[in-house]
Structure formats: structure tokens, C-alpha cells
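Q: Please explain how the descriptive terms applied to this model are justified, setting each value against its definition.

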Amino acid sequence: MPKGANLPAIAAFNETVVLDAVRRSEGGLSRVELASVTGLSAQTVTNVTRRLLGQGLIREAGKQSEGSPGKPRTLLRLDPAGAYAVGVHLDPTVITCVLLDLEGEVVEHVRQPAPPDGDAKATLAVVVDAIRAVLATPGADPSRVIGVGVAAPGPIDAETGVVVRPPLVPGWNDFHLRDELTAATGLPSLVAKDVISAAVAERWRDPTGASKDYAFIYYGTGAGIGLVLGGEVYTGSTDNAGDAGHVLVEPGGALCACGRRGCWGESVRPQRLVLQGLWAGVLPAPDGEQVADGVDLDLDVDTVDALFTRLTEAADAGDERAAAIIDRSIRNTAFYLSNLTALLDLDRVVFGGPSWSRVEHRYLDQLPERLAEIDMGILTHPVLLEGSAVGDDVAAVGAACLVLNETFSPRVGRG
Ligand SMILES: [Zn+2]
């Protein structure tokens, strides 16, 4: 987990151990099972569960089914209404805000366009409005909201909650996002990198999944990679792991912001594919724009989004030029993934993010074959490729999961 996020502890260590065990169980655990799973004594489990029941964080949920020896035991489960966390995703184009209950289910979500000029103060105002909107969800007790997590484009300084220098939104340079948010909402806040948040959401959704080593490919305005290694979300030395965009995949390809050509991130991002569609004549020129082959256009985010949808629909409808543009991005991604999965010995790659669903079936249809073509003689096992079950809001959901993790996961040193 990101190291700089220090939310106040509201549960003692043994309570977090029990909560964690209950969360990871399917269908709840009895007190006897809890003692066995956690290594705590029966008396300690009794005391801890009494406190957690009193706090409304767990509930008694029926008896263990017939067939187990002895008298039926009462099962304990999380009480979803026991605590809530807010998650915000600051994308350069759209602000997403979700309210998660203690079980990690989304109970409300709000989506707003980001202010077009990327101004930090204006963006903050939209974020605060969105947070107020989800806090007003009927049935969710606002006094049980424990904090706000924000997924932001990197690099970020997780210690101070500052967005340092996001490449696509210069207005946020060195913005003290965490402190400003806490001042505006009165809620403890944390800031994490967007691709790391997305990987957290995927991991939270599937805590006991078969794969312990996988990559989450985040596909939004740009593309990035979150890693789960050894069952833990990998955050790196400064909580900024996942800047994957500048690996060369296409010599002589599109000019990247880094000054070189053919970087993976540039070669797959929707704006680049839209430009290629305009140059090829597959897409109509936007109002007031002169399209000249090979000349970049400064398109606003809504235009890019609408044209990207049009491009993917044209490809699906059989337009060969549109298909060739998307399919080249798939080949570039396959080239990258073949290296990444071999380097880290991954057995699964999960895709998600707001631009993903429009290309999902095409990617999942073609990637296995493209990967198989790049036989480097080192892959010894198949790599499972799939779309995330968390949906388009994955980064916002992950930011809220981070708040729940920070508050309720057992950490050494907690009193
Ligand atoms: Zn680059």
C-alpha cells in the first residue's frame, strides 16, 4: 500500500486483524473460525467481536450450515453500512466520485466534466461538489464516512498529498490537493497515483484470486500500468510506480511528449488514434479544423472522446482503415506485454479504465494471437487476458478502497 497515506486509526490492531479476516472470508466466519484464522485466543476474539458489533462494523448473519460438528455457530460478516469511504478520480477530462460501503460496494457515483482549462482551484470546486453529492446518498450515515481517497495522474508526492507535475494538466503543478480537500470537506484525505488506485480496486475485488502476479493496464486519456506482485499492489520507492508509457514499441512511430518517437503510451492513447483516423479520412474533420496529413491538431477532450467512439464503431462495422488503426495499437500493446509478462513472470493481465470498453472485444479477440506471434522462447505458461470486473470507475473505486485499507487493514505499530 502507498506509504505516505496516514489516515487516523479508528480501530485497534486486533480489531483490524479480525475485520480483515471477516472481509476475506466468503459468507462470514464464526468466532471459533476467527480464532483459528487469526491466531488470536478465543477470549480475545470474543472481546474484539463484541467491540466491533458495538461499533456497527460487523453483524451477526445467521448460523453455520448443518453438517459441521457441535452446535451451530453464529456467523459474523461485515456490516456494509458500518463505514463508508469516498473515492475521487481526477482524470484530465472527467471527474468521477464514488461512495463505497465497508464491503467495497459502490452505493453512489457522480461524474462531472473537468474544467476545460485544467485550473486547479476550479477543479477542486467541482471535486468538492461531487463529494457533497455522494455524501447526501439516502441511507448512508455521513458520520460514518471515514475519509476521501483521490486517484490523480502522477507524479504525486504521497507523503504530502501534492500533485507534482501531471503531464496532461499543467494547471495542477505542485497543487496541495490533500490539504485543500481536507480543509474543504473536513474529511481526512489521501492522494494516490491513478494506475496504482486502479490496481488496488482490482485486488480488493478479488482478494483471494488465483493470480498473485499480474498487471492492470489502465486505458483512459493516457495508458499506464498498475502491478500486483506477490499478491500486493506494487507502489515503488516513491509511490509512483506504473509510468509505463515511454517504452519503444514502434520505431519511427508517433512523436511523444518526451521528444522521441514510437513510445507505447503515445501509440495507443485515444487522441493519437483519433488523429490517425482524421488523417486517413475515416473520421470527419471537427468544426473549424483543417486536417493535414501528419499534422497534429489541438482537439478538446469532448471532441476526442466522441471521435474515438466513432472510430471504434467504424472498425466494428467493418471499415478496414479504422480497423487497421485500432489493430496496430493492439500489436504495439502485444509487443509491450510480451516483454512485461516475461520480465515479471506474470500469469494474468487485466484491462480497464474509461476508454477500455470501446476496444475491449477487439483487444481480447486479437491479443492472444498477437502475443503468440512474438515468441521469444521464454514464456513457459499461458497468460490470462481479461477485462476488469470493476468497470469504468475503477480508479475512483480504488482510491476509496485505499481509504478502507488504510483505516482497517492490520498494520504493525498500530496501537
Ligand atoms: Zn515517450
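A: A suitable starting point is C258, which is partly exposed at 35% relative accessibility. The model is predicted, with local features requiring pLDDT of at least 70 and side-chain atom pairs pLDDT 80 or more, while totals for chains, interfaces and linings use all residues. Residues are numbered from 1 along each chain as its sequence is written, and side-chain values use heavy atoms, without hydrogens and water.

Q: Why is C258 called partly exposed?
A: Buried means under 20% relative accessible area, exposed means over 50%, and partly exposed lies in between (1.4 Å probe, protein chains only). C258 has 35% relative accessibility, and therefore counts as partly exposed.

Q: Why is C256 placed in its accessibility class?
A: The relative accessibility of C256 is 8%, so C256 counts as buried.

Q: What makes H246, C256, C258 and C263 donors of the zinc ion?
A: Donors are N, O and S atoms within 2.8 Å of the metal (3.2 Å for Na, K and Ca); water is not among the atoms, so sites may look incomplete. The atoms ND1 of H246 and SG of C256, C258 and C263 lie 2.0 to 2.3 Å from the zinc ion. Along the chain, these donors follow the spacing H-x9-C-x1-C-x4-C.

Q: Why is the site of the zinc ion called tetrahedral?
A: Four donors count as tetrahedral if all angles lie between 85 and 135 degrees. The angles among the four donor atoms of the zinc ion are 101 to 122 degrees, and the site is tetrahedral. The ideal angle for four tetrahedral donors is 109.5 degrees.

Q: How do you know that the span of helix α11 agrees with its number of residues?
A: Helices are DSSP runs of H or I with at least four residues, strands are runs of E with at least two, and both are numbered from the N terminus. The expected span of a helix is 1.5 Å times one less than its number of residues. For the 14 residues of α11 (residues 360–373) this should give 20 Å, and the end C-alpha atoms are 20 Å apart, so the two agree.

Q: What is the bend of α11 at L367?
A: A bend is the angle between axes fitted to the seven residues ending at a residue and the seven starting there. At L367 that angle is about 35 degrees, and a proline, P368, follows within four residues. L367 is also among the buried residues of α11, which include Y363 and L371.

Q: Why is T407 buried or exposed?
A: T407 has a relative accessible area of 1%, and is therefore buried. The residue belongs to helix α12 (residues 394–408). The C-alpha atoms of T407 and G147 are separated by 9.0 Å, although the two residues are 260 residues apart along the chain.

Q: What makes the pair R269 and E266 a polar contact?
A: A polar contact is a pair of N or O atoms within 3.5 Å; within protein, one must be able to donate a hydrogen and the other to accept it, and residues adjacent in sequence count only if both atoms are side-chain atoms. The side chains of R269 and E266 meet this description at 3.1 Å. R269 lies in the loop between α7 (264–268) and α8 (270–279), and is buried because its relative accessible area is 17%.

Q: What is notable about phi of D239?
A: Phi of D239 is near 65 degrees, a positive value in a residue other than glycine. D239 is buried, since its relative accessible area is 6%.

Note on methods
Four donors count as tetrahedral if all angles lie between 85 and 135 degrees; four count as square planar and six as octahedral if opposite donors are over 155 degrees apart and all others between 65 and 115; anything else is irregular.
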